[in-house]
Amino acid sequence: MPGTVLISGASVAGPALAHWLHRYGFSVTVVERAPALRTGGYKVDIRGAAVEVADRMGILEDIQRASTDMRNGAYVKDDGTRVATLPAAIFGARTGRDDEIMRGDLARILYERTRADVEYVFGDSIASLTPTADGSGVEVTFERGAPRRFDLVVGADGLHSTVRRLVFGPEEQFLRHLGTYLSAFSMPNELGLDREELYYAEPGRLVCAYSSAGDPAAKGLLAFRSPRLSYDHRDRAQQLALLETAFAGAGWRTARMLEAARSAPDLYFDGLHLVEMDRWSRGRVVLLGDAAHCASPASGQGTGMALVGAYVLGGELAAAGGAPEAAFARYEEEMRGYVAVNHEFARKFAREMTVDSRWGIRLRHLMLRMLPHMPWKNAVAKKIAEDVQRGARAITLKDYGRPVAATAVRTPHAA
């Protein structure tokens with residue numbers, strides 16, 4: 001029978017799972033370390049199977065209304081001269097109902113859809129997890145709140161998952177560095193960008209500025225090649241210092257972007273990592289989304305995998321009547337192939353994100369400049385889209401039936 005579930009993480013995977021679990025009759029609590037909903041982040045793609053999940057959730061129209069509506073992308077030289085401009089459909093490799101949305105907008109949509117039915121606790125985090133003596137649940141202590149017992153615990157708390165560390169061990173066992181670091185942040189739209197993105201490349205470094213529909217500000221993105229670095233992923237000063245070092249002397253508008261990063265309220269900085277694990281569950285604790293199988297931003301599939309994973313995990317728990325062992329096994333069985341395809345795509349694209357030589361950059365510029373004038377341009381665009389779609393559609397979604405809204409008693413949710 002449905003029971004109580006604690007989900008750690010209120011980004012995308014956690015609230016998406018909360019949506020499904022509530023509909024299947026579970027009583028759900030979501031705990032989030034941040035003091036409020038995180039609304040920052042970069043643009044994310046909703047493709048393939050994730051589009052179908054969003055449709056089944058009833059949020060596809062919300063996503064479409066909040067679309068970035070990007071029009072085109074271009075590479076520029078040091079002086080800002082545009083080398084080549086291509087339509088956003090080619091840059092994004094989207095087909096059919098695929099769309100793109102700011103991560104913060106998607107988090108807001110999911111939160112608003114679930115906040116009335118799910119208990120949200122902001123400004124707290126799990127401190128310990130202990131199986132109950134009879135094995136029927138998990139005793140949870142928090143950094144701030146009083147201890148509580150839950151039937152199941154889900155770690156949907158991202159790349160640096162606290163739940164994964166507590167249950168499976170240090171993250172170093174599971175993170176595979178892809179050789180690149182990435183930072184994203186809000187900044188003034190000094191270039192007057194209107195639903196377009198500009199890229200500037202130097203050997204081992206990539207700079208991007210873009211604007212999306214309805215946002216008067218712009219976003220900056222800085223990527224650089226590097227072996228794995230040692231730093232505190234919660235220490236903003238260390239992150240900024242690494243960016244300053246990596247982009248010292250870089251051209252175009254990089255200095256202005258670094259200045260914006262220093263004052264940005266939503267600075268993101270992390271390596272491109274894969275999370276590779278032999279199993280995603282132990283006892284009554286299970287991992288979801290990036291905590292289980294991060295494919296890194298290089299895959300363009302992290303958000304889609306979170307939505308799909310939430311759908312599958314929720315459905316399998318409902319099909320198993322809340323029995324964790326059978327549900328978790330079927331959840332992994334359904335997801336493993338999908339994850340493997342997207343991990344491979346991430347490895348490939350991470351290598352291509354930055355170019356190691358000026359000759360390589362000139363060659364890329366030449367190819368992009370020629371592409372719009374070539375008779376085979378549509379075939380090239382189709383091939384790019386097919387490669388991306390192979391990952392986006394690498395799972396066949398089960399139909400878990402039509403759940404009835406939950407009637408389980410909940411404790412009042414925290415704002």
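I take contact to mean heavy atoms within 4.5 Å, and I keep in mind throughout that this is a predicted model.

**Entry: Gln239**

With that cut-off I looked up the surroundings of Gln239, a residue of helix 7, which spans residues 236-246. Leaving out residues up to four places away in sequence, I find that Gln239 touches Tyr231, Asp232, His233, Arg234, Leu267 and Phe269. Is Gln239 buried or exposed? Its relative accessible area is 6%, and because buried means under 20%, I enter Gln239 as buried.

**Entry: the seven-stranded sheet**

I then followed the strand pairing and found an open sheet of seven strands, whose order is 5-4-13-14-15-12-16 and whose pairing is mixed. Strand 5 (82-87) and strand 16 (268-275) are the edge strands, each of them pairing on one side only. On average, and with direction ignored, neighbouring strands of this sheet are turned by 20° against each other.

At the strand 5 edge I looked at the pairing in detail: strand 4, residues 72-76, pairs with strand 5 in the antiparallel sense, and I note five bridges between them. Which residue of strand 5 is the bridge partner of Val76? I find that Arg82 is that partner.

**Entry: helices across the sheet**

Next I asked which strands helix 11 and helix 12 lie across. Helix 11, residues 324-353, lies across strand 12 (175-187), strand 14 (205-210), strand 15 (218-225) and strand 16, and I note an angle of about 135° between this helix and strand 16. Helix 12, residues 358-370, lies across strand 4, strand 5 and strand 13 (196-202), and its angle to strand 5 is about 50°. Each of the two helices thus lies across an edge strand, strand 16 for helix 11 and strand 5 for helix 12.

**Entry: the whole chain**

Finally I turned to the protein chain as a whole, in which I count 13 helices and 18 strands. Its radius of gyration is 21 Å, close to the 22 Å that the globule rule gives for 415 residues, so I record the chain as being as compact as a globular protein of that length. Taken along the principal axes, the box filled by its C-alpha atoms is roughly 65 × 45 × 40 Å.

Of the 415 residues in the protein chain, 57% are buried, and Gln239 is one of the buried residues. The accessible surface of the chain comes to about 17,800 Å², with 52% of it belonging to carbon and sulfur atoms. For contacts between residues at least 6 apart in sequence, I note that 74% join residues at least 24 apart.

Definitions and conventions
Residues are numbered from 1 along each chain as its sequence is written. This is a predicted model: local features need pLDDT of at least 70, side-chain atom pairs count only at pLDDT 80 or more; totals for chains, interfaces and linings use all residues. Side-chain values use heavy atoms; hydrogens and water are left out. Two strands pair if DSSP finds at least two bridges between them. Helices (H or I, at least four residues) and strands (E, at least two) are DSSP runs, numbered from the N terminus. Axes are lines fitted to C-alpha atoms, for helices over the stretch in contact, and angles run from 0 to 180 degrees between N-to-C directions. Buried means under 20% relative accessible area, exposed over 50%, partly exposed in between (1.4 Å probe, protein chains only). The radius of gyration is taken over C-alpha atoms; the globule rule is 2.2 Å times the number of residues to the power 0.38. Accessible areas come from the Shrake-Rupley method with a 1.4 Å probe; for residues, only the protein chains shown count as cover.
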